[in-house]
Amino acid sequence: MLGRFIKTAALATSLVAATAIAATAADYTLRATANSNENDEDYDGLIVFKNYVEAASNGAIEVELFIGTQLCSNGAECLQGVADGTIDIYISTSGGASGIFPYVQVLDLPYLMADDRVAERVLSGDFTRTMREMALEDSGGSIRLMTIGNTGGWRNFANTQRRIAEPADMEGLKIRTVVADLPQELVKALGASPTPIPWPELFTSFQTGVVEGSKNGITDIMGMKFPDAGLQYVTLDGHAYMGALWWMNNAKFQEMPEELRRVVVDGFYALQQATFASPKRKSIQAYEDFVAGGGDLYVPTPEQKAAFKDAATPVYEWFQSNVARGDEIFAALTEAVSIAEGEIKASRDADLN
């Protein structure tokens, strides 16, 4: 009799547990993709996002991660997936999204943000909200910019030939760029020759002399083993912050109740902070390995960096005149930078006293 009771009680407990699991199944599933790998800052950000959102929503939101090209393979294809709802979340570089939202290339304009502290303050404020409204308007309300983080630190000039200390040292170098007008305009403004080369072909292109330089972050340089192909000179001019644009299907976001939208927004804040931090940590070992392998690492003086910015001035004018809504987003960025610099100076001065 007691045995039957125990068995019956155990069965009842199992049924209750199964019912509880069914009752707490996710109400919303977010399919998130990044065309990268698990060693990338994008993956770091997504893991933080998934952990936060699933926990803070008490399981009401489930986040499925698709790393690589399982759902889509390039910016245009992936953003179309976001627009039609087959993909809920996608991360792109400015280059990856520029075919649909050309003004996001404002993040590639050189020497506008001086350092991480300025960039992080700018991208955490109203500038990103301005770009969000522009993207919503231009996508018919379908694609929502959630946040802007980082994917690889800062772009610096690197080459196989010589140390670059000032713009004159760029003269005549064949610099690899993507197939986009803005980076080519920058390279030309500095006196070098822009040469579009697909990323997978870059190692061999350095070996054969098809190109002699590039504009990349140190983690990309070391991850692709470019020093083995002859890339031995890196100049830390920090001409562009490698922004990561995180997009979401707006209908999926809006269909959630406010308390869950708040969880998602806070999740993207946590993601942003993770991607701000990840390149800083990963770059330490990358720089050490570059120098240990005989690489020449050069930091321009303030005067030399000012000379680079002066030489690049025509690119700002080109952007405002030739990129759709370029003047609008350029004004928003430069205003945000000015405000951020003022706030940072005030904070720093207060901390020094």
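A crossing of two helices is called right-handed if the near helix is turned clockwise from the far one by less than a right angle. The legends below use that term for one pair of helices in this predicted model.

**View 1. The whole protein chain of the predicted model, with its 14 helices and nine strands**. The C-alpha trace of the protein chain spans about 95 × 50 × 45 Å along its principal axes, and 49% of the 353 residues count as buried. Among the contacts in the protein chain with a separation of 6 or more, 75% are accounted for by residues 24 or more positions apart. The accessible surface of the protein chain comes to about 16200 Å², and carbon and sulfur atoms make up 53% of that surface.

**View 2. Helix H7 (residues 181-189) and what covers its buried residues**. The buried residues of helix H7 are Leu182, Pro183, Gln184, Leu186 and Val187. The cover over these residues includes strands S4 (143-159), S5 (174-177), S6 (193-196), S7 (213-216) and S8 (233-249), together with helix H13 (313-322). Just after the end of H7, Gly191 takes a positive phi of about 90°.

**View 3. The packing of helix H7 against helix H13**. Two packed helices are described by the angle between their axes and the distance between the axes. For H7 and H13 the angle is about 150°, and their axes lie 9 Å apart. Because angles over 145 degrees count as roughly antiparallel, H7 is roughly antiparallel to H13. In the sense defined at the start, H7 passes H13 in a right-handed crossing.

**View 4. The residues that meet between H7 and H13**. From H7, the residues in this contact are Asp181, Leu182, Glu185, Leu186 and Ala189, and they meet Val315, Trp318 and Phe319 in H13. Sorted by class, the contact of H7 with H13 has six nonpolar and two charged residues, and no polar ones. Leu182 and Leu186, which take part in this contact, are also among the buried residues of H7.

**View 5. Lys282 in helix H11 (residues 258-292)**. Is this lysine, Lys282, buried or exposed? Lys282 counts as buried because its relative accessibility is 18%, and the cut-off for buried is under 20%. Leaving aside residues up to four places away in sequence, Lys282 touches Asn39, Asp40, Glu41, Asp44 and Thr219.

Terms used
Residues numbered from 1 in each chain as written. Predicted model: local features only at pLDDT ≥ 70, side-chain atom pairs only at ≥ 80, totals over all residues. Heavy atoms only, no water. Buried < 20%, exposed > 50% of the residue type's maximum accessible area, 1.4 Å probe, protein only. Helix = DSSP H or I, 4+ residues; strand = E, 2+ residues; numbered from the N terminus. Contact = heavy atoms within 4.5 Å. Axes fitted to C-alpha atoms, helices over the stretch in contact; angles between N-to-C directions. Parallel < 35°, antiparallel > 145°, perpendicular 65-115°, else oblique. Nonpolar A, V, L, I, M, F, W, Y, C, P; charged D, E, K, R; others polar. Areas by Shrake-Rupley, 256 points an atom, 1.4 Å probe, with all protein chains shown as cover.
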